[in-house]
Amino acid sequence: MSERRWIPVNEPLISSRAGQYLQECLQSGWISSEGPYVDRLEAEMAKRVGRSYGMAVSSGSAALDVAVAALQVGPGDEVILPAFTIISCAAAVVRSGAVPVLVDSDAATWNMDIDQVEERITERTKGIMVVHIYGLPVDLDPVLEIAAKHGLWVIEDAAEMHGQEYRGRPCGGFGDVSVFSFYPNKLVTTGEGGIILTDDASLAERCRSLRNLCFSAERRFVHYELGWNYRMSNLQAALGVAQLEELDEFVAIKRRMGRRYQELLEGAGGVQTPVARTDYAENIYWVFGLVLRETTPFDAAVAMERLAEQGVGTRPFFWPMHEQPVFRRMGLFQGERHPVAERIARRGFYLPSGLALTDEQLAKAAGALTGIVR
Ligand SMILES: *Cc1c(COP(=O)(O)O)cnc(C)c1O
């Protein structure tokens, strides 16, 4: 297996404008967070999803930390979120002092099972963190309805959803606060980065303060609260602005790749492929996930190893929050079971899905998979 033939799980496409914008930053000397591209990225992301305010930060995880802190949850509070997600979601809640309360996944969509949300609400529940998984949104209307009925806030984690829509409205425009990540495998990248979006002026102000160490207005270097240095640099934002200009094209590429994988894997009875569409959205295929069916006599780790032998890069699915050693050691989630999340974590992985993937690489990856699962 030569180096050249390895198909990486993600290879980004860098917009042709990126170099020009970055040169501009270097030549003008605007390289820190005090630069015009940061404002531009914030304004353009907000406009794109129909929000009033955008606050760029250093990562999607930072965006979640700030969003949870801005909503002022703390010890004694509970926040409902899916068991099957990235650790950043639960970590933000745990760091705030509140308790994460988990719901299992839906077996078909891999998103949080919205039928479990209401039964997890107690007098201590303050909000719901909705996380769209792998390219298909959560069915938001029922969740927003439950939140309104119980007076809960909603954070929409749209980190994997740039350009996606729910019932014709942009993802990232729902709930009280939404976040995106700009990591290189996301549809818009800044290398590392993220953004928080809201329509609430006072929440926006709190987010701005929290991302910038909570410097006080009256006397710099006097602080009434603890924040973080989670600022995004102008260099990162310049890349982000260039990538955002091509978002529609990037979405079209992902959808084309997703459809092609679906066609090529039609005969592979041993795997469950992503839901292509529901009545509220069409899959954007942020990544092309697969779950090995019960009839397949091996798990994801074995499948991934066999694919690697054929030069195909893959990545495992998320590992459920209630099975995280770090949280178990804190005494969280004792005795909890979330069977769907547990199963898809062990039997799920995703195929090469980067924007730079060629048709030939995609066909080779699909062929290697059909060879091992039939
Ligand atoms: C990528 C991702 C994040 C975290 O973003 P980083 O920029 O990697 O910190 C948060 N939530 C979801 C759903 C993600 O996919």
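**Exercise 1. The lining of the largest cavity**

Task: For this predicted model, establish how the residues of the lining of the largest cavity divide by class.

Solution.
Step 1. List the lining. The largest cavity is bordered by Thr 109, Trp 110, Ile 133, Tyr 134, Gly 135, Leu 136, Pro 274, Val 275, Asn 283, Tyr 285, Val 287 and Gly 289.
Step 2. Assign the classes. Gly counts as polar and Tyr as nonpolar in this scheme.
Step 3. Count. The lining comprises eight nonpolar residues, four polar residues and no charged residues.
Step 4. Add the setting. The space in this largest cavity is about 70 Å³, and the structure holds two cavities of 30 Å³ or more.

**Exercise 2. The largest pocket**

Task: Describe the volume of the largest pocket, its lining by class and the elements that supply the lining.

Solution.
Step 1. Volume. The largest pocket contains about 440 Å³ of space.
Step 2. Residues. Its lining consists of 25 residues, and those nearest its centre are Ile 86, Ser 181, Asn 185, Lys 186 and Phe 318.
Step 3. Classes. Twelve of the lining residues are nonpolar, eight are polar and five are charged.
Step 4. Elements. At least two lining residues come from each of helix 3, strand 8 (177–181) and strand 12 (315–316). Helix 3 gives the largest share, three residues.

**Exercise 3. The shell around the ligand**

Task: Locate the ligand and characterise the residues that surround it.

Solution.
Step 1. Location. The largest pocket is where the ligand sits.
Step 2. Shell. Around the ligand are Ser 59, Gly 60, Ser 61, Leu 64, Ile 86, Val 131, Asp 157, Ala 159, Glu 160, Ser 181, Lys 186 and Gly 193.
Step 3. Classes. This shell has four nonpolar, five polar and three charged residues.
Step 4. Main contributor. Helix 3 (residues 60–70) provides the largest share of the shell, three residues.

**Exercise 4. Polar contacts and cover of the ligand**

Task: Determine which ligand atoms pair with the side chains of Ser 61, Asp 157 and Lys 186, and how much of the ligand's accessible area the protein covers.

Solution.
Step 1. Cut-off. A pair of N or O atoms must lie within 3.5 Å to count.
Step 2. Oxygen atoms. A ligand oxygen lies 2.6 Å from an N or O atom in the side chain of Ser 61. For Lys 186, a polar side-chain atom is 3.1 Å from an oxygen atom of the ligand.
Step 3. Nitrogen. A ligand nitrogen is 2.7 Å from an N or O atom in the side chain of Asp 157.
Step 4. Cover. On its own the ligand has 380 Å² of accessible area, of which the protein covers 91%.

Key
Residues are numbered from 1 along each chain as its sequence is written. This is a predicted model: local features need pLDDT of at least 70, side-chain atom pairs count only at pLDDT 80 or more; totals for chains, interfaces and linings use all residues. Side-chain values use heavy atoms; hydrogens and water are left out. A residue is near a molecule or strand if one of its heavy atoms lies within 4 Å of it. A polar contact is a pair of N or O atoms within 3.5 Å; within protein, one must be able to donate a hydrogen and the other to accept it, and residues adjacent in sequence count only if both atoms are side-chain atoms. Accessible areas come from the Shrake-Rupley method with a 1.4 Å probe; for residues, only the protein chains shown count as cover. On a 1 Å grid over the protein atoms alone, a cavity is a set of points where a 1.4 Å probe fits but cannot get out, and a pocket is an open set with protein on both sides within 12 Å along at least five of seven lines; lining residues have an atom within 4 Å of a point. A molecule sits in a cavity or pocket if more than half of its atoms lie within 2 Å of its grid points. Helices (H or I, at least four residues) and strands (E, at least two) are DSSP runs, numbered from the N terminus. Grid points are joined across faces, edges and corners, and a volume is the space filled by probe spheres set on the points.
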